Amino acid sequence: MAETFKIRKLEISDKRKGFIELLGQLTVTGSVTDEEFDRRFEEIRSYGDDHVICVIEEETSGKIAATGSVMIEKKFLRNCGKAGHIEDVVVDSRFRGKQLGKKVVEFLMDHCKSMGCYKVILDCSVENKVFYEKCGMSNKSIQMSKYFD
Ligand SMILES: CC(=O)SCCNC(=O)CCNC(=O)[C@H](O)C(C)(C)COP(=O)(O)OP(=O)(O)OC[C@H]1O[C@@H](n2cnc3c(N)ncnc32)[C@H](O)[C@@H]1OP(=O)(O)O
């Protein structure tokens with residue numbers, strides 16, 4: 001059957017559509033219960049346009065095929081400017097190479113533009129550098145991190 005894709009914001013029913021399993025293709029998710037998911041969903045929803053999670057649903061199967069999120073940081077510099085931070089971009093391995101990742105990033109960038117951000121930034125592995133270049137980004141600096149126990 002033909003695949004049809006719809007891009008939209010995350011909905012509370014998306015846990016049943018494989019959203020957490022999809023994130024598991026990016027990194028460790030732990031076992032998120034329905035209650036934990038609902039609580040976190042409501043918390044994120046309360047941030048309104050300052051924290052948006054985008055998904056692409058494959059409508060024939062009703063499964064979430066791709067996702068990505070963006071947070072809007074409010075600054076004092078640049079005349080109290082705003083910066084977008086893209087995180088957690090992942091496309092289901094069955095659907096990679098169909099421009100879905102690019103569509104997710106474009107959706108998130110459009111959101112940043114509509115929010116008046118002067119820039120959008122993200123961290124990624126060397127393997128994903130070309131993908132983000134194809135999304136219109138360029139390498140700016142190095143990534144630093146510290147994971148807490
Ligand atoms: C900020 C973060 O979240 S970083 C984490 C990124 N996510 C991951 O690493 C999770 C595992 N990987 C994935 O989910 C996917 O491979 C993604 C998200 C990196 C790419 O998603 P896809 O849907 O497969 O990419 P998409 O089809 O939109 O590719 C767009 C373009 O980038 C190119 N591209 C995609 N991935 C790569 C890659 N790893 N290396 C080189 N080019 C690539 C494609 O060939 C395509 O080029 P074209 O427009 O000239 O045809």
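Glu-133 is an exposed residue, since 11 other C-beta atoms lie within 10 Å. This glutamate is found in helix H5, which covers residues 129–134. Lys-134 has its place in helix H5 as well, and Lys-134 counts as exposed with 12 C-beta neighbours inside 10 Å. These descriptions refer to a predicted model. The mean pLDDT of the chain is 96, with 100% of its residues at 70 or more, and the model scores are ipTM 0.99 and pTM 0.97.

Glu-133 and Lys-134 both appear in a "binding site" listing in UniProt, together with Gly-97, Lys-98, Gln-99, Leu-100, Gly-101, Lys-102 and Tyr-132. Within this listing, Gln-99 is placed in the loop between S4 and H4. Gln-99 counts as partly exposed because 14 C-beta neighbours lie inside 10 Å. Its phi is positive, at about 70 degrees, although Gln-99 is not a glycine. Most residues other than glycine have a negative phi.

The ligand is surrounded by 21 residues, of which Arg-96, Gly-101, Lys-102, Val-130 and Phe-131 come nearest. Strand S4 (82–91), helix H4 (100–114) and helix H5 are the elements that give two or more residues to this shell. The largest share, 6 residues, comes from S4. By residue class, the shell around the ligand divides into 10 nonpolar, 4 polar and 7 charged residues. Gly-101 and Lys-102, which are among the residues that come nearest to the ligand, also belong to the UniProt "binding site" listing given above.

A further set of residues carries the UniProt annotation "binding site": Thr-27, Lys-75, Phe-76, Leu-77, Arg-78, Glu-87, Asp-88, Val-89, Tyr-118 and Lys-119. These residues span 93 residues in sequence, and the farthest two C-alpha atoms are 34.1 Å apart, so they do not all gather at one spot. Among them, Leu-77 lies in helix H3, residues 77–80, and Leu-77 counts as exposed with 8 C-beta neighbours inside 10 Å. Arg-78 lies in helix H3 too and is likewise classed as exposed, with 10 C-beta neighbours inside 10 Å. Helix H3 also holds Asn-79. Asn-79 is exposed, with 7 other C-beta atoms within 10 Å, and has a positive phi, near 55 degrees, in a residue other than glycine.

Val-89, from the annotated set, lies in strand S4. In contrast to the exposed residues of helix H3, Val-89 is buried, with 23 other C-beta atoms within 10 Å; the classification follows because a residue is buried if 20 or more such atoms lie within that distance. Not counting residues up to four places away in sequence, Val-89 touches Gly-68, Gly-101, Val-104 and Val-105. The C-alpha atoms of Val-89 and Lys-146 are separated by 20 Å, the two residues being 57 residues apart along the chain.

Val-104, one of the residues touched by Val-89, is also prominent in the largest nonpolar core. This core has 23 residues, and those with the most contacts inside it are Val-55, Ala-66, Val-104 and Leu-108. At least two residues of the core are supplied by each of helix H1 (19–23), strand S2 (51–58), S3, S4 and H4. Leu-108 touches Cys-54, Gly-68, Val-70 and Ile-86 when residues up to four places away in sequence are not counted. In soluble globular proteins, nonpolar side chains tend to be buried together.

Strand S3, residues 63–74, also contains Glu-73. Glu-73 is exposed, with 12 other C-beta atoms within 10 Å. Leaving aside neighbours within four places in sequence, Glu-73 is in contact with Lys-82, Ala-83 and His-85. Glu-73 and Val-120 are 47 residues apart in sequence, and their C-alpha atoms are 9.9 Å apart in space.

Towards the start of the chain, Glu-11 lies in the loop between strand S1 (5–9) and helix H1. Glu-11 is partly exposed, with 14 other C-beta atoms within 10 Å. A C-alpha to C-alpha distance of 23 Å separates Glu-11 from Lys-98, and the two are 87 residues apart in sequence.

Note on methods
Residues numbered from 1 in each chain as written. Predicted model: local features only at pLDDT ≥ 70, side-chain atom pairs only at ≥ 80, totals over all residues. pLDDT = per-residue confidence, 0-100. UniProt positions renumbered as here; feature names shortened; annotations may be inferred. Helix = DSSP H or I, 4+ residues; strand = E, 2+ residues; numbered from the N terminus. Contact = placed C-beta atoms within 7 Å. Near = placed C-beta within 6 Å. Nonpolar A, V, L, I, M, F, W, Y, C, P; charged D, E, K, R; others polar. Core = buried A, V, L, I, M, F, W, Y, C linked by C-beta atoms within 7 Å.
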